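Me: I would like to go through this model step by step, beginning with its secondary structure and then turning to its core and surface.

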Amino acid sequence: MFKGSAVVSEWQKSCPENVVKLRTRYKDKIDGNHILTEDLLFTSPSTAAAFVGGSSLNGNELWKTADGVSLKHLEKTEQP
């Protein structure tokens, strides 16, 4: 996630436990307006999506290009 990204203020019950731990670990990198103050690197698109959205989210479907193409679609059409 890039510095300046907005995150929800509270997580839902469906938020994965590892993401709750990450939000706690990185709470000093989220300002009072729920904006990241530093870039953060996550191990998967879904972990990043859950960190931002505060619930269980599929990052492969959520993250999209400026043209609206999902990461899932990009991976399907990627040639080896």
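Me: How many helices and how many strands are there in the protein chain?
Reply: This is a predicted model, and the elements of its protein chain, read from the N terminus on, run α-α-α-α. The count for the protein chain is accordingly four helices and zero strands.

Me: Which helix supplies the largest share of the largest nonpolar core?
Reply: The largest nonpolar core holds 14 residues, among which Val7, Leu36, Leu40, Phe42 and Phe51 touch the most other members. At least two residues of this core come from each of helix H1 (17-25) and helix H2 (45-53). The largest share, amounting to four residues, is supplied by H2.

Me: Which residues does phenylalanine 42 touch, leaving aside residues up to four places away in sequence?
Reply: Phe42 is one of the core residues that touch the most other members, and a contact here requires heavy atoms within 4.5 Å. With residues up to four places away in sequence not counted, phenylalanine 42 touches Met1, Leu22, Thr47, Ala48 and Phe51.

Me: What percentage of the residues of the protein chain count as buried?
Reply: The accessible surface of the protein chain comes to about 5600 Å², and 52% of that surface belongs to carbon and sulfur atoms. To count as buried, a residue must have under 20% relative accessible area. Of the 80 residues in the protein chain, the buried portion is 29%.

Me: How far apart do the centres of the positive and negative side chains lie?
Reply: The protein chain carries 10 positive and 10 negative side chains. The distance between the centres of these two sets is 6 Å.

Methods:
Residues numbered from 1 in each chain as written. Predicted model: local features only at pLDDT ≥ 70, side-chain atom pairs only at ≥ 80, totals over all residues. Heavy atoms only, no water. Core = buried A, V, L, I, M, F, W, Y, C linked by side-chain atoms within 4.5 Å. Buried < 20%, exposed > 50% of the residue type's maximum accessible area, 1.4 Å probe, protein only. Areas by Shrake-Rupley, 256 points an atom, 1.4 Å probe, with all protein chains shown as cover. Lys, Arg positive; Asp, Glu negative; His and termini not counted. Charge placed at Lys NZ, Arg CZ, Asp CG, Glu CD.
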